[in-house]
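This report describes a protein chain together with its ligand. It begins with a single residue and then turns to the ligand shell and the overall architecture.

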Amino acid sequence: MTSVASLTSCALCQARASQLCAACRNVVYCSREHQKEHWKKGHKAECKCYEVATNETLGRHLRATRDIKIGEQILKEAPLILGPKVASAPLCLGCHRNLLAPEKRKGNYYKCSSCSWPLCGKQCEDSPHHKAECQLMSSSNFQSKINYVPGEAERKESAYCVIMLLRCMQLKTKDPESFAKLYTLEDHLKERLDTPLYQVLRANLITFIKTVLGLKDWSELDILRIAAILDTNTFEVRQPRERIKIRALFPGAAMISHDCVPNMRHRFDDDMNIIFLAKRKISKGEILSISYTQPLRSTIQRRLHLRQAKCFDCSCARCQDPEELGSFAGAQNCVKCKAGKIVSMNPLQNSANWKCQICNLKRTAKDVLTSDAQLQQELETLDKSTPVALEDFIYRHRVELHETNTHILQAKYALTQLYGNAPGFGMDELTEEALNRKVQLCEELLKLADIFDCGWSIFRGNLLIDMEDAIAAQAMRTEDASECQGKLQQSADLLKEIQNIMKHEPEMQQLLSERKEILDIALKRFDEIKE
Ligand SMILES: C[S@@+](CC[C@H](N)C(=O)[O-])C[C@H]1O[C@@H](n2cnc3c(N)ncnc32)[C@H](O)[C@@H]1O
């Protein structure tokens with residue numbers, strides 16, 4: 001706790017001081033030099049705006065120890081372990097980048113000269129990520145059989161499931177302190193052991209590790225526990241400019257709990273550090289949260305996903321509310337009275353019946369789940385290269401699915417990106433009607449973003465980018481000068497908001513400054529005409 005003395009005397013020399021540490025606001029300094037020195041002497045480790053707390057529902061979680069401003073960086077952490085996902089398309093085990101297709105028609109990937117796992121080239125054989133596992137596998141005479149198959153370079157190989165696991169196991173001797181941190185993470189092993197995935201792991205992975213690699217000191221349960229820790233705590237990482245996603249474990253960030261309306265967002269920098277930002281203003285005492293699932297999905301879909309992937313039943317405010325905070329994302333129209341919406345009678349109980357809010361028509365949970373799964377399946381198999389099939393989906397289901405039903409929302413989000421970008425639907429090729437449709441879809445989804453993913457979320461940022469683009473295009477098409485100026489101004493205002501939301505996303509900066517330059521020139525011309 002902050003004492004009065006710590007806020008009046010320099011944390012290093014105890015002289016009278018007033019320069020507050022902007023990050024934790026827990027200590028003051030008499031000078032910049034003393035602040036730097038104190039940082040090196042250990043303040044770096046304790047300078048945080050959150051603490052680890054525990055409660056019955058969430059287990060360990062992070063809680064804000066002071067008010068946090070929108071856009072503030074809350075936590076930055078380097079990965080303890082990183083590597084391929086359980087099933088991954090071939091990638092380099094040294095640098096985790098995509099592999100280049102071989103030049104010759106019948107060629108293969110570059111293979112590690114010791115263990116034959118595909119790598120970028122010789123330079124990656126000595127990568128610190130790969131070295132220890134390579135020694136273990138080659139000394140056990142194990143050679144990877146993953147080869148380049150023309151036309152199937154994206155095929156997922158389940159052999160990669162062993163890599164992250166081995167890296168964690170090898171940490172036990174390489175860095176026992178870090179291993180101990182890893183081993184205290186939540187695993188949900190008991191629940192996972194009965195799942196089909198863990199039965200497969202039990203049959204294949206354990207034999208491989210104990211018999212093929214000869215790691216006999218590890219018990220079956222200890223090995224599976226590491227797999228379960230990884231499944232519960234790793235983050236999926238999209239590396240800049242790479243197609244294949246990998247996974248990484250950050251022991252500090254692993255303490256962050258889930259909420260279906262989270263107050264933080266995260267990103268990765270070029271060194272794979274994870275960085276968390278406040279999406280909105282966070283008050284002292286609030287629990288820090290991210291979403292482990294997708295915001296446009298309905299309560300039944302999100303809770304099912306969280307149960308399967310993370311072994312818990314979410315009971316956040318959105319999950320508790322049959323109307324999902326006014327969005328009715330999981331509800332369907334009542335086909336009997338044609339006026340009400342059918343909502344769950346108890347969203348926290350998956351087996352509860354559903355009922356129309358007006359005529360009381362009932363549907364069983366099983367019936368709702370089946371129709372939901374069929375609609376999701378239909379949506380996922382649609383051709384998404386152009387807007388045609390998605391518009392057709394919305395039209396065909398217009399009677400039972402209302403405007404903000406999850407399936408319609410997912411279709412609409414895909415459409416905001418297709419209008420203006422898909423082949424034959426580029427911004428210059430769009431009819432006026434299609435251009436207006438793009439703007440209207442963005443407006444509708446922005447209202448939903450305010451409910452599910454408010455503040456400076458990437459979802460809102462992306463929608464604003466699409467909307468700004470479309471409104472600028474509308475400005476270019478109109479022959480009415482004042483309408484044109486109005487639309488350009490609207491675009492410029494949106495751009496200001498986008499720049500705030502995206503200011504921590506380096507790859508967006510060039511695009512945004514180019515757009516700003518174009519808008520500034522166009523608006524300046526209007527001012528010149530007026531003068
Ligand atoms: C990445 S860990 C978070 C840290 C964990 N609470 C701990 O004590 O180690 C994820 C696990 O935390 C718990 N958890 C996170 N968010 C939750 C929530 N909203 N409701 C219930 N449990 C949650 C679940 O057990 C979940 O599998």
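## A partly exposed histidine

His266 is partly exposed, because 18 other C-beta atoms lie within 10 Å, whereas a buried residue would need 20 or more and an exposed one would have 12 or fewer. The model examined here is a predicted one.

His266 belongs to strand S12, which comprises residues 264-268. Leaving aside residues up to four places away in sequence, His266 touches Ile274, Ile275, Phe276 and Ile290. In addition, the C-alpha atoms of His266 and Leu277 are 6.2 Å apart in space, with a sequence separation of eleven residues.

## The ligand shell

Which residues come nearest to the ligand? Among the 20 residues around the ligand, these are Gly59, Arg60, Glu186, Ser257 and His258. Three elements each give two or more residues to this shell: strand S4 (59-64), helix H7 (220-233) and strand S11 (257-258). Strand S4 gives the most, with three residues.

Sorted by class, the shell around the ligand has eight nonpolar residues, eight polar residues and four charged residues.

## Domains and annotation

The protein chain is divided into three parts: domain 1 spans 5-47, domain 2 combines 81-175 with 188-213, and domain 3 covers 419-531. Taken over C-alpha atoms, the centres of domain 1 and domain 2 are separated by 46 Å.

An unreviewed UniProt entry carries the annotation "domain: MYND-type" for residues 10-47. Within the model, the span 10-47 is 39% helix and 11% strand. The end C-alpha atoms of that span lie 15 Å apart.

## Overall fold

The secondary structure of the protein chain amounts to 16 helices and 18 strands. Along the principal axes, the C-alpha atoms fill a box of roughly 75 × 65 × 60 Å.

How does the radius of gyration of the protein chain relate to that of a compact globule, and what are the values? The protein chain has a radius of gyration of 27 Å, which agrees with the value near 24 Å for a compact globule, because that is the figure that goes with 531 residues.

Of the 531 residues, 34% count as buried. Considering contacts between residues at least 6 apart in sequence, 61% join residues at least 24 apart.

Note on methods: Residues are numbered from 1 along each chain as its sequence is written. This is a predicted model: local features need pLDDT of at least 70, side-chain atom pairs count only at pLDDT 80 or more; totals for chains, interfaces and linings use all residues. Domain bounds come from an automatic or database domain assignment. Helices (H or I, at least four residues) and strands (E, at least two) are DSSP runs, numbered from the N terminus. The radius of gyration is taken over C-alpha atoms; the globule rule is 2.2 Å times the number of residues to the power 0.38. Two residues are in contact if their C-beta atoms, placed from the backbone, lie within 7 Å. UniProt positions are given in the numbering used here, feature names are shortened, and annotations may be inferred rather than shown by experiment. A residue is near a molecule or strand if its C-beta atom, placed from the backbone, lies within 6 Å of it. Ala, Val, Leu, Ile, Met, Phe, Trp, Tyr, Cys and Pro count as nonpolar, Asp, Glu, Lys and Arg as charged, and the others, Gly among them, as polar.
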